[in-house]
Amino acid sequence: MSFTRRQFLQTAGGTFSALAAPAMSRAAGAPTRGELATGVFRQRIRSSGPETLVWGFNGSTPGPLLRFRQGDPVDIRLSNALPQETAVHWHGLRVPNAMDGVPNVTQPPVPVSGTFDYRFRVNDSGTYWYHPHQSSFEQVPRGLYGMLIVEEAKPLQVDREVAWVLSDIKLGEDNLQVEDFGRMSDFGTEGRHGNVLLLNGAPAGPERSLELRPGERVRLRLLNAASARAFVLEFAGHSPWVVSYDGQGVAPHPLPGARLRLAAGQRTDLVLDGSGSAGQSFAILDHGRGAGQGGATLARIAYGGRPVRPKVLGRPAPIAPNRLPEPLVGKATDHYLVFEGGANGAPAIGRVDGKALKVDEIMERHGLAWTMNYNAEHEHALMHEPLFNVKKGEHVTVKMINNTEFEHPMHLHGHAFRVLALNDQPNRMREWRDTVVVGARGSCDIAFVADNPGEWMFHCHILDHAAGGMMGTVIVEG
Ligand code: C2O
Ligand code: CU
């Protein structure tokens, strides 16, 4: 493949530890081939004390940055050296259903020491990611995730590109991961959070720096790969432009309210212009959970070198849009999703395996905490009743109504959707997304054309919520 370790070091910016180079190759005209090998190994996370036992791809967490060109055929062999079954999902890519990586739904799980070949074409440009869909509430926070970039045929004009995989990890004093996965107290509340924020696999903090030259224009690709945490970023002294959400270009605009909220699973591409001068330094802050009053510094923008241009550039040009089928609300069939349950919620009733129970009974007897349309499902239960069925080519709207005290970043597989309304207020931007936050006691309306046949997951990307019942499917009849 057209991507070498050296190129990545250039694009990542000097002081960031490199993401591992992908083991990929490409002969002219042939598919881009590569291997992803899951495994368990030691990696230095905290700068002092022992190394940390992590799970990752190709010997690192995050896994290799996969980079393709729009339209490339891709052929990736997954081999599994975990002590558990797994499967890899390509979050946001509109792949054929059989390549979607959902165990027991789109493929058999890949056994310990087994392999699986993923073959698909990357038709959409943008910033995506990959992660297991098997026991994801454990496998993802142990370190199994990586960014996947599909370059536009006509790339956005910038001086440099930087890729940041944000996440968190829960470490004990011994630097080992706290292995408290699957606790009901996390399933039914805001999910399991780490105690160390990670930026490309190493602790975030004021000692991390993004070096910029005055006037330089950088494209910053951001992914939140944390299993529950939402990041709320602020770029002190800077006004970056948003150019895409979840891989899909938007009309370039400043950060709404000067902050960028990145829920679990979401991506945003920013264009950041070096408006400072040599020697200056500015904080990039997180205002998410536990950050405290003025926010926590994730990294610093540090200025050095000769100016690239005398004045910062103006509003960037938009990214050429992907060819997504435009949903027509007037001819769409309407569907709804109601969320109930969780801690502090109103008393609710739901079904498990067809049997109606009160939510607290569901918690006690089944270890499930949430319902979607009055059903709680175990992660990838073999006998899923779909949330709804649609026909191939059908225009669809979905109203999500959140009757819980927690927010839910909802992710649909195999399609991108337009966000029509939030809390019944029309959303003027109507951006495309694959993961959208439905606020506590709020609602969200989306629309899409169901053009990709198969059984597709529709679930909360707080992975503890997904495992706790917020996991369903939509069948697109081909
Ligand atoms: Cu990012 Cu169903 O997953
Ligand atoms: Cu949720």
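This tour moves from the cysteines to a series of charged side-chain pairs in a predicted model.

**First stop: the cysteines.** Select cysteine 444 and then cysteine 460, and display their sulfur atoms. The structure holds zero disulfides, and cysteine 444 accordingly takes part in none, its nearest cysteine sulfur being that of cysteine 460 at 13 Å. Because a disulfide requires two cysteine sulfur atoms within 2.5 Å, this separation does not qualify. If you switch on a surface, you will find that cysteine 444 is buried, with a relative accessible area of 0%, and that cysteine 460 is likewise buried, with a value of 0%.

**Second stop: aspartate 124 and arginine 94.** Turn now to the charged side chains, among which a search of the whole structure finds 33 salt bridges. Select aspartate 124 together with arginine 94, whose closest N and O atoms are 2.6 Å apart in a salt bridge. Following the chain from each partner shows that aspartate 124 sits in the loop between strand 7 (115-121) and strand 8 (126-132), whereas arginine 94 sits in the loop between strand 6 (88-91) and strand 7, so that the pair links distant parts of the chain, 30 residues apart. The two partners can also be compared by accessibility: aspartate 124 counts as buried at 5%, while arginine 94 counts as partly exposed at 23%.

**Third stop: arginine 229 and aspartate 168.** Select these two residues next, and look for the salt bridge in which their side chains meet at 2.8 Å, N to O. Arginine 229 belongs to the loop between strand 14 (217-224) and strand 15 (231-235), and aspartate 168 to strand 10 (residues 160-169), so this contact ties together parts that lie 61 residues apart in sequence. Arginine 229 is buried at 4% relative accessibility, and aspartate 168 is buried with a relative accessible area of 4%.

**Fourth stop: lysine 170 and aspartate 180.** Here the salt bridge brings the closest N and O atoms to 2.5 Å from one another. Lysine 170 and aspartate 180 both lie in the loop between strand 10 and helix 3 (184-187), and the pair therefore ties together parts that are ten residues apart in sequence. Both lysine 170 and aspartate 180 are buried.

**Last stop: a network.** Finally, select Arg67, Glu151, Glu152, Glu161, Arg219, Arg221 and Asp269 as one group, and display their side chains together, since salt bridges that share partners join these residues into one network.

How values were computed: Residues numbered from 1 in each chain as written. Chains lettered and ligands numbered in written order. Predicted model: local features only at pLDDT ≥ 70, side-chain atom pairs only at ≥ 80, totals over all residues. Heavy atoms only, no water. Buried < 20%, exposed > 50% of the residue type's maximum accessible area, 1.4 Å probe, protein only. Salt bridge = Lys/Arg side-chain N within 4 Å of Asp/Glu carboxyl O. Helix = DSSP H or I, 4+ residues; strand = E, 2+ residues; numbered from the N terminus.
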